[in-house]
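Work through the exercises below with the sequence and the model side by side. Try each task before reading its solution.

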Amino acid sequence: MGTFTQQQDEAINWRLADLGQLLWADWGEDTIVFNGLSADTHLLNTMSLDVLLLLAKKPMSAEQLIISLAKQWQQPLEQIAKSISSLIHNLDCLGLIEPEFT
């Protein structure tokens, strides 16, 4: 987990680690996710939640995530791109996402 560089991030697709092991609770502004594999509970901000929801639909590269989030939030690509690489690393380190190897 968390061993990929930014250049590698752009070339690989990311997916949820194990959707069946994640339990979600949405309390309005806050969303909590429990990872059954690590027994850890995480409080998600809006960007983290939106990335996980996009990856729940299908695996995506960092570039695809940036484009989808920019369209969804109606914000410039550059603004989203500043945060997405570190967010991917954080979600990977938490065991919530993983690279997809085909």
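**Exercise 1.** Does H42 count as buried or exposed, and at what relative accessibility?

Solution. This is a predicted model, in which local features need pLDDT of at least 70 and side-chain atom pairs count only at pLDDT 80 or more, while totals for chains, interfaces and linings use all residues. Residues are numbered from 1 along each chain as its sequence is written, and side-chain values use heavy atoms, with hydrogens and water left out.

Step 1. Take the cut-offs: buried means under 20% relative accessible area, exposed over 50%, and partly exposed in between (1.4 Å probe, protein chains only).
Step 2. H42 has 10% relative accessibility, so H42 counts as buried.
Step 3. Place the residue: H42 sits in strand β4. Strands are DSSP runs of E with at least two residues, helices are DSSP runs of H or I with at least four, and both are numbered from the N terminus.
Step 4. List the neighbours. A contact means heavy atoms within 4.5 Å. Leaving out residues up to four places away in sequence, H42 touches T31, I32, V33, L94 and L96.
Step 5. Look at one of these partners, L94: it is 52 residues from H42 along the chain, yet the two C-alpha atoms are separated by 8.7 Å.

**Exercise 2.** Count the helices and strands of the protein, and give their pattern along the sequence.

Solution. Step 1. The protein has four helices and six strands.
Step 2. In sequence order the pattern is α-β-β-β-β-α-β-α-α-β.
Step 3. Add the totals: of the 102 residues, 38% count as buried. Among contacts between residues at least 6 apart in sequence, 56% join residues at least 24 apart.

**Exercise 3.** Describe the open sheet that has the order β2-β3-β4.

Solution. Step 1. This sheet has three strands with antiparallel pairing; two strands pair if DSSP finds at least two bridges between them.
Step 2. Its edge strands are β2 (22-27) and β4 (40-44), each pairing on one side only.
Step 3. Neighbouring strands of this sheet are turned by 20° against each other on average, direction ignored. Axes here are lines fitted to C-alpha atoms, for helices over the stretch in contact, and angles run from 0 to 180 degrees between N-to-C directions.
Step 4. Six bridges link β2 to β3 (residues 30-35) in the antiparallel sense, and L23 stands opposite F34 in β3.
Step 5. Between β3 and β4, also antiparallel, there are five bridges; here F34 has T41 as its bridge partner in β4.
Step 6. β3 and β4 form a hairpin with four residues between them, and A39 in the turn has a positive phi of about 65°.

**Exercise 4.** Describe the open sheet that has the order β5-β1-β6.

Solution. Step 1. This sheet has three strands, with antiparallel pairing.
Step 2. The edge strands are β5 (60-61) and β6 (97-100), each pairing on one side only.
Step 3. β1 (residues 13-16) pairs with β5 over two bridges, and W14 stands opposite M60 in β5.

**Exercise 5.** Which strands do α2 and α4 lie across, and how do the two helices cross?

Solution. Step 1. α2 (residues 46-57) lies across β2, β3 and β4, at about 110° to β4.
Step 2. α4 (residues 77-93) lies across β1 and β6, at about 105° to β6.
Step 3. Two packed helices are described by the angle between their axes and the distance between the axes.
Step 4. The axes of α2 and α4 come within 11 Å and cross at roughly 70°. α2 and α4 are therefore roughly perpendicular to each other. The classes are: under 35 degrees roughly parallel, over 145 roughly antiparallel, 65 to 115 roughly perpendicular, and the rest oblique.
Step 5. The contact is made by M47, S48, V51 and L52 of α2 and I80, S83, I84, L87 and L91 of α4.
Step 6. Take S48 of α2. At 8% relative accessibility, S48 counts as buried; it touches L87 and L91, residues up to four places away in sequence not counted.

**Exercise 6.** Which residues of α3 are buried, and which exposed residues are on the face turned away from them?

Solution. Step 1. The buried residues in α3 are A62, L65, I66, L69 and A70.
Step 2. Seen down the axis of α3, the buried residues fall within an arc of 125°, so they line one face of the helix. The arc is that of the directions from the helix axis to the C-beta atoms.
Step 3. The face turned away from the buried side carries the exposed residues E63 and K71.
Step 4. Following α3 comes Q74, with a positive phi near 55°.
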